[in-house]
Amino acid sequence: MSLTAPAPAAATQPIPITAEYDVIVCGGGTAGLPAAVAAARTGARVAIVERYGFLGGNAAYSIMPCWHGLGEHHCGLLTQFAKRVEDFGAGPSPLKEGDHIEPEAIKILFEMMADEQKVHLYLHHFITGVVMDGPRVAGVITESKSGRRAFGGKCFVDASGDGDLCFHAGAQFNLGAEGKTQGMSLRFRIGYIHFDDFADWAEKQAAELNLGRLVRGVRDGGGKAWGKAFYFDSRLDRLFTQFRGRYPDLPEDTYFNCSSIRPNELSINTTRVYDLDGTNADDLTKAEIALRKQAWAVWRFLKENVPGFKDSAITETACQAGVRESRTIIGDYVLTTEDGAKNREFPDSVQTCRVHFDSHDKQKYDRGGNKGFVDVPYGIFLPKGLDAVLTAGRCTSCDHLMNSGFRRMENAFESGEVAGTAAALAAQKQQTARSLAVAELKEILRRNGFKTSQADTKV
Ligand SMILES: Cc1cc2nc3c(=O)[nH]c(=O)nc-3n(C[C@H](O)[C@H](O)[C@H](O)COP(=O)(O)OP(=O)(O)OC[C@H]3O[C@@H](n4cnc5c(N)ncnc54)[C@H](O)[C@@H]3O)c2cc1C
């Protein structure tokens with residue numbers, strides 16, 4: 001017997017417009033918050049539509065403490081954010097490249113920044129569709145405890161990470177390199193660690209486990225007091241092979257990177273699944289189950305075999321599998337690995353992006369690049385064939401390896417400032433984002449202390 005579900009009553013009813021805005025930002029994460037703040041600062045009435053009950057996106061829900069770029073390079077709203085982190089006591093002061101900040105604080109800091117600009121928040125709203133007017137996105141449709149809703153806007157920013165809004169609007173997209181995306185990871189915290197015992201043991205281990213930074217961090221007081229944050233990128237995972245018989249769920253093809261921010265605690269990045277699609281709910285279900293098993297296997301391995309962990313406990317696992325890569329929406333321009341490798345400059349550049357790849361592919365962890373910068377042309381923010389929508393953050397138009405760099409926090413955040421400013425300008429001028437004068441956009445961004453090209457950084 002085959003059953004088909006009847007269409008829900010609401011599906012056959014017109015959906016009332018709950019509210020209308022100049023700019024609607026879809027997703028309140030690393031790129032979405034600056035997009036909303038930048039749009040509001042430019043004079044737009046702005047709303048963020050976010051599926052979770054808090055802002056912060058991956059940085060918050062993946063317990064992701066490492067904000068690359070909060071050092072010498074950052075500009076515009078990212079500089080303001082770094083200052084807030086310092087003032088709030090959520091990270092070291094001054095923040096330097098590679099420093100780590102407390103992920104829980106991102107939620108409140110993002111809320112404060114949105115509130116100051118009178119950005120309206122629609123939390124617990126999952127975007128499931130769009131309202132189209134020809135090629136123009138005219139509204140988004142959400143599902144929530146309040147049922148199905150529609151929100152109208154003059155211009156939209158898709159900062160959903162996965163490009164959900166553009167996908168619903170029919171945009172073309174790539175999914176990794178020939179359908180293979182970077183591995184997903186579930187970060188987790190282990191608390192109640194005796195760091196001295198851990199470091200005493202680590203000192204005696206083979207050099208190939210790369211535990212030197214752990215030892216130095218602990219000897220410097222790390223792991224014992226607030227403000228004594230440290231990071232180590234080890235190869236403790238090399239021990240997994242010999243222990244997999246006892247702990248079959250230990251991850252494969254991975255590494256073992258940790259941050260210590262809270263006393264006696266480590267935030268760990270080592271679980272890994274590959275060949276699953278972060279935009280497929282069945283794959284996501286498989287990922288959650290496999291990754292959580294891996295996290296508990298890693299903890300058991302540490303507790304039962306590594307000094308320092310005998311009293312430890314898992315204090316938190318991330319609230320969802322961390323998706324490093326999914327849809328990248330094809331824009332008027334696709335930023336390529338070659339552009340990065342050649343540190344290309346573009347006349348219509350609106351942002352700079354550090355050329356530091358970070359691609360967690362199954363066979364190869366690529367951390368290449370030249371550590372210089374590439375100009376970011378405005379065309380990568382404009383989804384091909386669509387009007388009244390820009391992308392920001394991870395789903396923006398780059399090829400696979402270039403995206404592995406663009407998705408990093410500093411670049412994702414800065415892309416939000418660009419997209420939000422452009423969206424507000426388009427709404428104000430009643431123009432398409434595509435037809436904006438890039439020179440005017442650059443001028444507004446520069447006035448706000450933003451570096452729109454490599455040429456700007458040399459001024
Ligand atoms: C495990 C892991 C470790 C990482 N480590 C680092 C690191 O050490 N350093 C670094 O710089 N970068 C790191 N990254 C990358 C970086 O965190 C992300 O690429 C970056 O946060 C992406 O920002 P974003 O705004 O595009 O997406 P996100 O921050 O994910 O924000 C997207 C927002 O949209 C919301 N959303 C999604 N779909 C919908 C929908 N349909 N309706 C409504 N809301 C929706 C989400 O809830 C979220 O709030 C890591 C990523 C992962 C997964």
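This report describes the chain as a whole, the surroundings of its ligand, and one helix with the loop after it.

**The whole chain**

The model is predicted. Its chain holds 14 helices and 18 strands. The radius of gyration is 22 Å, close to the 23 Å that the globule rule gives for 459 residues, so the chain is as compact as a globular protein of that length. Along its principal axes, the C-alpha trace spans about 70 × 65 × 40 Å. Of the 459 residues, 50% count as buried. Contacts often link distant parts of the sequence: among those with a separation of 6 or more, 73% join residues 24 or more positions apart.

**Around the ligand**

The ligand is surrounded by 37 residues. The closest are Gly27, Gly29, Gly57, Gly322 and Gly393. Three elements give two or more residues to this shell: helix H2 (57-61), strand S4 (126-133) and helix H12. H2 gives the most, with three residues. The table divides the shell by residue class.

| Class of residue in the shell | Number of residues |
|---|---|
| Nonpolar | 13 residues |
| Polar | 15 residues |
| Charged | nine residues |

**Helix H12**

H12 covers residues 409-429, which makes 21 residues. At 1.5 Å a residue, a helix of that length should span 30 Å. The end C-alpha atoms of H12 are 30 Å apart, which agrees. How many of the 21 residues of H12 are buried? The number is 19, so the helix is largely enclosed by the rest of the structure. H12 also belongs to the elements that give two or more residues to the shell around the ligand.

**After the helix**

Just after H12 comes glutamine 430, which takes a positive phi of about 50°. Glutamine 431 is found in the loop between H12 and helix H13 (438-447). Is glutamine 431 buried or partly exposed? It has 16 other C-beta atoms within 10 Å. A buried residue needs 20 or more, and an exposed one has 12 or fewer. Glutamine 431 lies between these limits, so it is partly exposed.

Leaving aside residues up to four places away in sequence, glutamine 431 touches Ala426 and Leu436. Alanine 388 is 43 residues from glutamine 431 along the chain. The C-alpha atoms of these two residues are separated by 8.4 Å.

Technical notes. Residues numbered from 1 in each chain as written. Predicted model: local features only at pLDDT ≥ 70, side-chain atom pairs only at ≥ 80, totals over all residues. Helix = DSSP H or I, 4+ residues; strand = E, 2+ residues; numbered from the N terminus. Expected span 1.5 Å × (residues − 1). Near = placed C-beta within 6 Å. Nonpolar A, V, L, I, M, F, W, Y, C, P; charged D, E, K, R; others polar. Rg over C-alpha atoms; globule rule 2.2 N^0.38 Å. Contact = placed C-beta atoms within 7 Å.
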